[in-house]
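Ready for a few short exercises? Take a look at the model first, then work through each solution step by step.

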Amino acid sequence: MLKDPTRANVAPRLPPIGRFIRPEEVAHAVAFLLSPEAAAITGQQLVICGGSSL
C-alpha cells in the first residue's frame with residue numbers, strides 16, 4: 001500500500017498511537033487467537049489499526 005504509485009505524493013498518516021503497527025504485533029495477536037486460551041473466541045473481527053478506525 002505504501003508503494004502504490006497513485007499514492008506517491010501522499011504521506012502516510014500515523015494512527016493515533018503515534019506509530020505504524022509492527023508485523024510482530026499482528027503475529028502476537030494471531031498466535032493468541034490460535035492458542036487454547038482463545039478457544040472461546042469465535043466469529044469475531046479483530047481490527048489491528050492503532051486507533052485509525054476510531
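**Before you start.** This is a predicted model, so to speak of local features we need pLDDT of at least 70, side-chain atom pairs count only at pLDDT 80 or more, and totals for chains, interfaces and linings use all residues. Residues are numbered from 1 along each chain as its sequence is written, and side-chain values use heavy atoms, with hydrogens and water left out.

**Exercise 1.** Find what share of the 54 residues is buried.

Solution. Start with the cut-offs: buried means under 20% relative accessible area, exposed over 50%, and partly exposed in between (1.4 Å probe, protein chains only). Now the share: buried residues make up 13% of the 54.

**Exercise 2.** Work out how the radius of gyration of the protein sits against that of a compact globule.

Solution. The radius is taken over C-alpha atoms, and the globule rule is 2.2 Å times the number of residues to the power 0.38. For 54 residues, a compact globule would come out near 10 Å, but the protein has 15 Å. Next, look at the box: the C-alpha atoms fill roughly 45 × 20 × 20 Å along the principal axes.

**Exercise 3.** Place Ala39 and decide: buried or exposed?

Solution. Helices (H or I, at least four residues) and strands (E, at least two) are DSSP runs, numbered from the N terminus. The protein has one helix and zero strands, and Ala39 lies in the segment after helix H1 (23–34). Ala39 counts as exposed because its relative accessibility is 60%. Last step: the C-alpha atoms of Ala39 and Leu54 are 27 Å apart, with their positions 15 residues apart along the chain.
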